[in-house]
Amino acid sequence: MENYKPVMSFGEDVAETYDDIVQRGEETATVAFLEQLARGGAALELAIGTGRIALPLSARGIRVDGIDFSAAMVAELRSKPGGDQISVTEGDFVDVAVPGTYRLIYVVFNTLFNLLTQDEQVRCFENAANHLTDDGSFVVEAYVPAFLHRLSNDQYVEAEAIRVDEVRLDVLRHEMATQMIEESHVSLSPAGVRLNPLVQRYAWPGELDLMARIAGLRLKERWAGWNREPFTSTSGNCVSVYGR
Ligand SMILES: C[S@@+](CC[C@H](N)C(=O)[O-])C[C@H]1O[C@@H](n2cnc3c(N)ncnc32)[C@H](O)[C@@H]1O
């Protein structure tokens with residue numbers, strides 16, 4: 001997508017409505033899963049956003065730090081109860097530019113794929129590994145790209161909402177050769193047209209495992225969801241736990 005920069009996907013418009021639109025309903029299970037892995041130790045969320053996961057995890061008594069490059073998303077986090085308790089480093093999470101080590105580092109909701117090259121994704125694994133305690137876990141949650149390979153003509157337009165005063169469309173194009181998707185959420189209403197572009201470079205679980213190996217980590221567990229659903233050939237989501 002010409003002239004696209006990742007930070008464009010997380011401006012003030014998106015930050016303001018993020019928590020209304022993103023309701024996965026798995027937050028309790030996600031937090032319980034992560035709390036178990038942290039075992040009372042400190043946790044670091046790469047791309048912490050509005051604190052959808054970090055705030056309830058912190059409320060369970062885990063120290064959670066975060067990294068994010070969107071001042072608008074972090075401002076939303078800060079405005080919520082407990083948001084002032086969390087140390088957030090503003091910057092690109094690929095660098096994991098924080099002091100110290102963590103029992104748990106995690107990047108959820110497909111956000112690893114927001115790093116747009118394989119090189120950046122490998123660097124992220126390496127930098128995360130450098131900040132893990134010896135018994136620490138690095139958790140990556142990401143979709144399984146099988147559905148992209150089944151698209152007709154490598155694209156779709158989906159009606160996300162049809163109301164009397166607004167139509168919202170999700171428009172996506174897939175390029176298998178580069179493992180890239182280009183997407184935009186388009187809102188059409190009397191107020192005008194609003195676009196929310198997003199580009200991702202996806203990876204299959206096996207490629208993630210090799211990135212972990214390059215970083216000196218091994219796959220310890222793989223699940224299809226936060227309730228430890230078995231990972232099978234039909235799983236659309238993948239929760240991978242890496243450690244030394
Ligand atoms: C889809 S939101 C997920 C937020 C949160 N982890 C959650 O699960 O609700 C993606 C977040 O990643 C951040 N982000 C994306 N790419 C980033 C990068 N390279 N460095 C730092 N933050 C990034 C965005 O600013 C945004 O807050």
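The structure, a predicted model, holds one cavity of 30 Å³ or more. Here a cavity is a set of points, on a 1 Å grid over the protein atoms alone, where a 1.4 Å probe fits but cannot get out. About 30 Å³ of space lies in the largest cavity, a volume being the space filled by probe spheres set on the grid points, joined across faces, edges and corners. Its lining residues (an atom within 4 Å of a point) are Arg24, Glu26, Glu27, Thr30, Arg52, Val108, Glu141 and Trp226. Five of these are charged, two nonpolar and one polar.

Local features need pLDDT of at least 70 and side-chain atom pairs pLDDT 80 or more, while totals for chains, interfaces and linings use all residues. Residues are numbered from 1 along each chain as its sequence is written, and side-chain values use heavy atoms, without hydrogens or water.

Turning to the interior, the largest nonpolar core has 37 residues, and Leu46, Leu112, Phe125, Phe138 and Leu208 have the most contacts inside it. Such a core is a set of buried Ala, Val, Leu, Ile, Met, Phe, Trp, Tyr and Cys residues joined through side-chain atoms within 4.5 Å, where buried means under 20% relative accessible area (1.4 Å probe, protein chains only). Leu208 touches Leu112, Phe113, Phe125, Val140, Ala203 and Tyr242 (heavy atoms within 4.5 Å), leaving aside residues up to four places away in sequence. Another core, of 25 residues, lies apart from the largest one and includes Ile48, Val64, Val74 and Val88. In soluble globular proteins, nonpolar side chains tend to be buried together.

How values were computed: 1 Å grid on protein atoms, 1.4 Å probe; cavity = no way out; pocket = protein on both sides within 12 Å on 5 of 7 lines; lining within 4 Å. Nonpolar A, V, L, I, M, F, W, Y, C, P; charged D, E, K, R; others polar. Buried < 20%, exposed > 50% of the residue type's maximum accessible area, 1.4 Å probe, protein only.
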